[in-house]
Amino acid sequence: MKLSVEWIKDYVALPDGLTSQQIAHDLTMSTVEVEAATDISAALRHVVVGRIEQVETLDLTKDHLMTVNIGTASCISIISNGQGVQPGLDTIVALPGAYLLSNGRAEVLEDRRVDGHKSEGVICLAEELGLGGLLPISGENEAVDLSAWQAMPGASLAELIGWQDIVLDIDNKSLTNRPDLWCHLGIARELAAIYGVPLQEPRLRSTNCASAPLIGELAQDLCARYDALRLENVSKGSSPFWMRSRLARIGQRPGSALRDLANYVMFDVGQPVQIYDAAMVSMPISVRRGQPGETLRLHGQTKSAEVSGVALVTGNDCPVAVAGVVSGSETSYETDSAILEFANYDPISVRRSSMTVGCRTEASARFEKAIDVQRVEIGIQRFCALLKEAVPGARITARDGQTLHNTMRTEMTIDMDFLLSRLGKRLEVAEVEHCLRVIGFDVALRDETLHVKAPSWRSTGDITTAYDLVEEVARLHGYENFNFTPPNVTITAPATSRHSSKERRMLETFASFGLQEVILYPWVNRRFLEASGYAVDECSILADPPSPEQAALQPSLVPGLLECIETNLRYRDRFAIFTCDDIYLPQDNGPPRQRRELAGAFVGAADLQGLLRRAKGVLQALSRNTHLPAFTFVASDAANAWVSPHASMTVQCDGDDIGRLAVLSDRSRGQAELTRAEVVVFCLNLEAVRPYATRENAYARPPMFQRAQKDLSMIFPDKVQWADVHGQVYGSDPLIRDCEFVDLYMGAAVPADHRSITLRLTLGSDHETLDGAAIEAAVSGVISRLEAGLGGTLRC
Amino acid sequence: MHRVRTNRLLSLYHAHCDIAYQAWIFGSGTNGHAKLHRGQGAFPGRTTNKQDEDLTLIPEINMLRSRILDEIAAANTAEDVNGIRINLLGRKGELAGLFGRLRDATIEDRRTLGAAVNNLKTQVTEALEDRIRQLRERERDLSMLLDPTLPGVAPVTAGLHPIRQMIHDLNDAFVSMNFEVYEGPQISNEEVEFDHMNFPPDHPARESMDTYWLEGAEGARGADRLCLRPHLTGASARYMQTNEPPFRFVYPGRVYRNESTDARHERAFFQYEALILDRDIPFSTGQLLIQTILQTVFGRPVKTRMRAGFFPFVEPGFEIDMQCQICGGRGCRVCKNVGWIEIMPGGVPHPNVLLAAGIDPANWMGFYINVGLDRLAMMRYGIEDVRRFHGADLRFLEQFR
């Protein structure tokens with residue numbers, strides 16, 4: 001919303017020397033966010049009144065060479081192709097350095113030469129300065145005629161047309177809760193309070209014309225008050241220039257006198273005014289909801305809109321406007337007789353109507369914020385006060401009004417202790433009272449309690465309780481005047497969150513093990529969803545998704561991971577990633593089940609065995625690093641389509657299945673277009689893993705006697721698994737203290753269908769240090785058992 | 001110390017070649033012996049007084065001294081030095097042999113020779129100790145190994161997502177002040193996100209969130225109208241419903257808005273919420289929450305200001321600005337020449353929000369803030385496009401450790 005400071009000054013005498021930046025800062029700190037405070041005269045720098053002295057046509061180009069008086073010692077020359085610019089015309093001359101609009105962009109004017117003649121400026125059109133509709137034009141051509149001002153050549157245009165003004169641009173979002181601020185009077189009231197200067201109330205005038213039955217039935221839920229004025233003898237002329245100028249400064253294109261006045265009243269005191277052509281609207285006027293199938297062609301539209309259920313203004317039951325939003329096209333003002341509507345509509349119905357017909361207007365923006373009903377009267381009286389000057393000759397010939405209810409002023413009490421404890425600062429009662437009074441509240445102090453009555457314009461939902469008064473006092477006292485207050489808190493226990501600390505330890509462990517965390521959208525691309533074996537109709541669906549392909553919310557983290565792998569395979573061929581997020585599992589009743597999962601992938605160009613073992617190693621170490629019971633791994637069937645039927649393991653913790661570790665199936669690899677990489681994927685259900693309540697560590701006394709280690713490589717048929725080997729060795733001899741896997745080898749010197757396993761034995765006794773012979777005997781025993789039990793042969 | 005010892009050893013080495021010195025040894029009595037022993041290598045200025053030709057063992061002792069000292073000087077390991085010690089001083093060592101031969105000498109010679117052998121023993125023992133000490137302090141010359149510009153062998157580690165890092169840092173800061181870390185569900189509903197948050201029905205602010213509604217909720221209202229959470233504040237009420245005040249908690253999480261994306265707008269982004277509720281928390285206490293966040297992220301105190309702002313769930317509500325970190329508040333393009341950047345909303349929980357959570361607003365006061373982490377991370381690291389956070393591009397993510 002734009003506001004003119006010059007206009008605001010009608011209502012408040014701002015302190016001398018106040019800069020526009022200071023006004024913007026003070027309003028921003030205490031009331032609403034001022035996005036910009038613009039000195040609009042800057043846009044008209046180097047633009048002056050010029051009097052055309054002489055016009056001569058150039059032979060070659062047929063352009064005109066004009067001699068123009070701009071108040072300097074000698075006239076300047078301007079080349080123009082404009083037709084019919086006559087000597088004697090006072091018009092606008094832009095000199096080098098001026099800004100001119102061209103295709104919506106401001107460009108700086110420079111000296112130029114045309115056909116060998118120097119052009120020292122341009123005769124500029126109103127549109128080129130963003131002043132379209134404001135200034136009168138001369139005859140058929142579009143040059144501006146400034147004769148009415150009788151200005152001296154060279155006079156500044158900005159000064160001439162009231163453009164020496166500051167325009168405040170206020171962020172509408174910061175105004176949603178303050179319907180009273182959607183006008184110059186409202187902001188002036190705030191500034192008066194901020195600077196401690198009196199507010200000058202607007203000049204009002206009541207009408208004493210005869211009452212006539214203009215209004216029929218008003219739907220009580222849609223309309224709190226409706227007043228109509230009949231106006232005759234409405235001239236087609238313009239409103240006074242100061243009014244047009246003010247409207248133009250705040251971005252409104254001036255129009256006919258009556259329309260300007262209606263607009264002016266709205267921006268002045270915040271009451272929307274609707275104009276109907278009296279010839280097009282039959283009496284009585286009513287407000288009701290649209291019937292099923294009812295349509296209305298809206299102003300500026302070519303097609304009729306469905307208005308069933310929408311709040312409508314009707315003339316003799318014929319829809320003429322969407323109440324509080326926009327009039328119908330047939331009711332636009334054409335003749336010299338008009339009906340003026342000053343109404344108060346229900347904010348919710350205006351908002352719904354506006355959304356239904358897809359139209360937002362200055363009026364609907366105000367109504368939907370909930371304007372007080374009493375404002376209707378101020379609107380009418382302000383209109384009447386300005387009518388004579390704005391629309392000379394017009395007469396109000398009839399008036400009718402119905403008030404169904406007024407805005408009840410909110411009353412509340414506030415305890416001084418309550419107020420001061422929330423402010424955290426001791427303020428005197430007098431200051432509190434003053435803060436509230438200057439913005440229109442009635443305040444009385446009885447027994448340390450303030451009895452407060454809010455003004456009607458703050459009583460439409462904005463101020464409802466004593467808590468709202470804390471803000472009013474604090475902001476007017478100035479937020480910058482409150483110092484930090486250290487908290488006074490009660491501590492009863494340490495702040496712990498087992499859930500989040502478990503997750504955090506896991507994430508940090510994965511990162512330290514070389515997996516990069518990625519964060520993915522919760523909606524997944526259909527291609528990767530299906531590649532992972534899920535169907536869209538098994539998923540929770542977004543009603544209005546980012547794209548039709550991304551409607552499903554993830555039922556697993558795997559589809560997102562596959563997409564991420566595809567993205568990164570463009571840049572590299574090996575990497576490890578993980579992600580942690582909720583998955584969504586639709587249920588028959590109620591919202592989808594949301595479960596925390598953690599999934600990751602190891603991607604490489606080859607060595608699937610290595611990828612699988614690396615992934616398993618990370619998961620095994622994870623349980624230890626995160627204080628979980630050790631994970632175990634059991635070969636399993638391919639329960640999901642993304643799991644290879646031949647290389648899949650169920651991950652178990654404390655006897656529960658908590659996830660899966662598998663080679664990505666060829667089917668998924670193909671559908672996700674990842675065939676040039678080998679991929680191992682794991683996913684864990686974080687809700688199924690329960691960390692120990694505290695650290696769990698098992699202590700064993702270090703051995704008294706030196707232990708020995710011996711490596712052994714043996715070749716086994718490839719059906720022999722490591723667990724078989726370990727089972728044969730460990731526990732078979734009290735001297736064998738440990739049996740670790742070292743390496744697996746398939747290749748030269750190992751027969752087909754066989755593999756070589758290297759293991760490391762740790763040997764020791766609790767009674768003595770073993771000598772060479774004892775060690776050799778134990779190792780020989782191991783070899784014999786592996787030969788006899790598993791068909792192993794020693795690899796030389 | 002090192003220098004002194006070296007000098008001393010060198011002087012010993014010279015000493016055994018020095019004729020004058022030898023002469024002194026031959027004729028020296030116990031006085032001279034004592035002097036040499038304690039003399040830190042400074043030779044007593046004695047001259048020869050007597051030379052006894054009958055003392056045939058003397059040259060042998062001298063040769064032995066010369067050989068042993070050479071061997072000690074040439075020994076390169078502690079083991080070598082020990083071997084020399086055993087050969088010389090052991091039970092069957094050369095010195096024991098010499099002592100054995102003294103029995104054949106006259107009493108007078110025995111005294112002289114005994115002194116000479118003892119002297120040798122002392123000298124050699126000292127040289128052995130010095131050599132051991134010297135070897136212990138010796139450093140191998142590894143200069144040819146060193147290229148300080150060679151990169152180290154990197155351990156295989158990766159990183160957490162930059163936003164996750166920020167969340168962890170902020171959690172650490174708040175947990176240190178006894179704030180609990182809370183998490184709520186990502187799929188929520190209209191009742192929690194709007195009704196409990198004091199958004200009037202059909203209020204424009206409901207629309208400003210551009211919520212992602214779930215299919216199947218058309219026409220539904222309240223708890224049945226499901227959505228991806230458009231902000232975290234709704235779930236703060238869930239926490240308040242299930243916990244008794246006083247409490248302090250933070251709530252990190254991702255929220256969703258249905259809007260078109262560009263370098264500054266994203267459909268999924270992170271917020272960080274902090275709420276403190278106790279008996280006596282005036283709004284100016286909120287500075288603690290604000291400063292904790294900014295100081296954790298920027299590593300230094302950041303100047304802030306609180307100004308009037310409207311959010312349905314707080315009263316009073318604030319827009320919190322921080323001094324522009326690019327220009328230090330002087331005004332620049334980033335802060336649109338005002339010196340301040342809007343960084344987070346905050347305020348006192350609205351009484352209706354507390355009532356919706358079953359908390360009596362007359363008895364409890366608090367402060368709440370909610371900051372967008374993506375934007376903070378962008379400012380902190382100079383990231384130009386918010387979409388990078390969800391882009392899953394490892395070339396981006398790996399830069400944050």
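## A walk through the model, starting at A:Asp766

Select A:Asp766 to begin: with a relative accessible area of 47%, this residue is partly exposed. Keep in mind that you're looking at a predicted model.

Now add A:Arg737 to the selection. The side chains of A:Asp766 and A:Arg737 meet in a salt bridge, 3.2 Å from N to O. A:Asp766 sits in the loop between strand 38 (754–763) and helix 19 (772–790) of chain A, while A:Arg737 belongs to strand 37 (residues 736–745), so the pair ties together parts that are 29 residues apart in sequence. A:Arg737 also counts as partly exposed, at 25% relative accessibility.

**Next pair: A:Arg669 and A:Glu678.** Here's another salt bridge, with 3.8 Å from N to O. Is A:Arg669 buried or exposed? It is buried, with a relative accessible area of 12%. Its partner A:Glu678 counts as partly exposed, at 21% relative accessibility.

**Hop over to chain B.** Pick B:Arg67 and B:Glu71, which form a salt bridge whose closest N and O atoms are 3.0 Å apart. Both lie in helix 4 (residues 57–74) of chain B, four residues apart, about one turn of the helix. An α-helix has 3.6 residues a turn, so residues three or four places apart point the same way. B:Arg67 is partly exposed at 34% relative accessibility, and B:Glu71 is partly exposed at 32%.

For a bigger group, select A:Arg178, A:Asp180, A:Glu190, A:Arg458, A:Asp462, A:Glu472 and A:Arg475: salt bridges that share partners join them into one network. Over all chains, the count of salt bridges comes to 68.

**Now follow A:Glu472 and A:Arg475 into helix 12.** Both are among the buried residues of this helix of chain A. Select residues 466–477 to see the whole of helix 12: at 1.5 Å a residue, its 12 residues should span 16 Å, and its end C-alpha atoms are 17 Å apart, which agrees. How many residues of helix 12 are buried? The answer is 12 of the 12, so the helix is largely enclosed by the rest of the structure. Click along it and you'll pass buried residues including A:Tyr467, A:Leu469 and A:His477. Just after the helix comes A:Gly478, whose phi is positive, near 105 degrees.

**Time for the place where the chains meet.** Colour chain A and chain B separately. The contact takes 82 residues from chain A and 74 residues from chain B. Together the two chains bury about 6800 Å², with 56% of that on carbon and sulfur atoms. Six salt bridges are found across this interface. To see a salt bridge between the chains, select A:Arg596 and B:Glu183, where the closest N and O atoms are 3.8 Å apart. There are also 32 residue pairs in polar contact across the interface.

Which helix gives the most to the side of chain A that touches chain B? Highlight helix 13 (residues 498–512) of chain A, which gives eight residues. That side of chain A divides into 41 nonpolar, 24 polar and 17 charged residues.

**Last stop: A:Glu306.** You'll find A:Glu306 in strand 18 (residues 304–306) of chain A. It counts as partly exposed, at 46% relative accessibility. Show what surrounds it: leaving aside residues up to four places away in sequence, A:Glu306 touches A:Gly293, A:Glu294, A:Thr295 and A:Val357. Try a distance between the C-alpha atoms of A:Glu306 and A:Thr295: the two are 11 residues apart in sequence and 4.5 Å apart in space.

Terms used:
Residues are numbered from 1 along each chain as its sequence is written. Chains are lettered from A and ligands numbered from 1 in the order in which they are written. This is a predicted model: local features need pLDDT of at least 70, side-chain atom pairs count only at pLDDT 80 or more; totals for chains, interfaces and linings use all residues. Side-chain values use heavy atoms; hydrogens and water are left out. Helices (H or I, at least four residues) and strands (E, at least two) are DSSP runs, numbered from the N terminus. Buried means under 20% relative accessible area, exposed over 50%, partly exposed in between (1.4 Å probe, protein chains only). Contact means heavy atoms within 4.5 Å. Buried area is the accessible area (1.4 Å probe) that two parts lose on being put together, summed over both. A salt bridge is a side-chain nitrogen of Lys or Arg within 4 Å of a carboxyl oxygen of Asp or Glu. A polar contact is a pair of N or O atoms within 3.5 Å; within protein, one must be able to donate a hydrogen and the other to accept it, and residues adjacent in sequence count only if both atoms are side-chain atoms. Ala, Val, Leu, Ile, Met, Phe, Trp, Tyr, Cys and Pro count as nonpolar, Asp, Glu, Lys and Arg as charged, and the others, Gly among them, as polar. The expected span of a helix is 1.5 Å times one less than its number of residues.
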